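Let's take a friendly walk through this model, with a pocket to start and some helix packing to follow. Have the structure open as you read.

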Amino acid sequence: MTDLATWWRGARPRTLGAGIMPVLVGAAAAGHLIWWRLMAALLVAVGLQVGVNLANDAFDGMKGVDTPDRVGPPRLTQTGAATPKAVLVAALGSIAVAGFAGLALALVTSPALILVVGALAIVAALLYSGGPRPYAGLGLGELMVLLFFGLVATSGTSYVMVETIPATAWWCGAAMGLLAVAILEANNIRDIATDAVAGKRTLAVRIGDGAARRLYAGLIVAAFATLVIGACVYLVSHRVGMTPWGLVGLAGWFLAITPIETSRTAMGPALIPVLIGTAKLHAVTGALLTLGLVLATTVS
């Protein structure tokens with residue numbers, strides 16, 4: 001029997017910020033907080049994140065993608081700690097928790113809209129590595145992460161708080177989504193060799209090592225540029241811009257310097273700190289954005 005600590009490691013706790021932070025940013029962007037809805041939104045985010053992680057582990061194990069040659073933290077199926085079937089059942093259980101929490105939010109807001117978006121998120125979670133043609137192997141993983149771990153997570157949380165989506169939520173959602181994609185890209189750059197051998201053609205495999213590294217750096221720069229552009233648009237039109245208080249998030253840039261510099265030349269295991277550093281960058285920037293948006297509400 002696999003112990004709880006092993007399952008916890010298999011859930012990839014270091015990645016959970018990619019789901020949690022957009023929810024906190026979205027709640028702050030709404031300018032009004034309903035605590036139980038925030039908790040439900042966090043359950044949706046964490047449930048889907050863990051579900052994606054475990055489903056990816058299970059499907060990659062079934063397809064022989066995660067071999068002993070894989071560089072990076074060990075996976076449940078790769079190490080034989082759990083069978084692919086057991087990991088898949090755990091993934092479905094986690095997604096079910098997210099589904100029930102989402103249903104509660106749907107019932108008190110706009111059932112049809114929330115249920116449709118929730119269903120799309122669940123399908124996206126399962127088809128990332130599963131199904132006849134997993135979209136991670138079609139080079140579409142980055143686009144889906146931008147949508148669901150950025151725009152949808154942030155704007156969706158704002159919506160369940162106030163049943164409208166402030167312009168600030170869209171701008172912040174785009175920035176958080178770009179940083180989440182950077183996390184994925186750091187992971188995919190590290191796995192280019194093993195993914196290519198297994199026939200998993202991620203975007204990094206398709207465009208090649210050098211271009212993938214440039215894309216990684218570009219995603220981080222674009223995330224912070226989005227905040228600046230959003231604040232500038234605010235000066236022209238308050239209705240479609242981002243509150244200047246969101247510029248507090250720019251303080252997270254100092255954490256971007258080392259991962260970007262390391263990513264230019266690091267190979268193999270040396271890329272693991274890049275992944276960890278990018279996850280920290282995402283979390284800290286999200287926390288700073290949340291702080292800035294809370295201050296915006298307080299001051300106004």
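A pocket here is an open set of grid points where a 1.4 Å probe fits, with protein on both sides within 12 Å along at least five of seven lines. Keep in mind that this is a predicted model.

**The pocket**

The second largest pocket has a volume of about 260 Å³. Its lining is made up of 17 residues, and Ala29, Thr168, Tyr234, Thr243 and Ala296 are the closest to its centre. Which helices each supply at least two residues of this lining? They are helix 2 (17-30), helix 8 (167-190) and helix 13 (272-299). Helix 13 gives the largest share, 4 residues. The lining sorts by class as follows.

| Class of lining residue | Second largest pocket |
|---|---|
| Nonpolar | 9 residues |
| Polar | 7 residues |
| Charged | 1 residue |

**Helix packing**

Now turn to helix 3 (residues 35-63) and helix 6 (residues 111-127), whose axes lie 8 Å apart at an angle of about 30°. Angles under 35 degrees count as roughly parallel, so helix 3 is roughly parallel to helix 6. On the helix 3 side, Leu48, Val52, Ala55 and Phe59 meet Ala121, Ile122, Ala125 and Leu126 of helix 6. The residues of this contact comprise 8 nonpolar, no polar and no charged.

**Phe148**

Phe148 sits in helix 7 (residues 141-162). Setting aside neighbours within four places in sequence, Phe148 is in contact with Val117, Leu120, Ala121, Ala124 and Ala153. Ala125 is 23 residues away from Phe148 along the chain, and their C-alpha atoms are separated by 9.5 Å.

Definitions and conventions
Residues numbered from 1 in each chain as written. Predicted model: local features only at pLDDT ≥ 70, side-chain atom pairs only at ≥ 80, totals over all residues. Heavy atoms only, no water. 1 Å grid on protein atoms, 1.4 Å probe; cavity = no way out; pocket = protein on both sides within 12 Å on 5 of 7 lines; lining within 4 Å. Points joined across faces, edges and corners; volume = space filled by probe spheres on them. Nonpolar A, V, L, I, M, F, W, Y, C, P; charged D, E, K, R; others polar. Axes fitted to C-alpha atoms, helices over the stretch in contact; angles between N-to-C directions. Parallel < 35°, antiparallel > 145°, perpendicular 65-115°, else oblique. Contact = heavy atoms within 4.5 Å.
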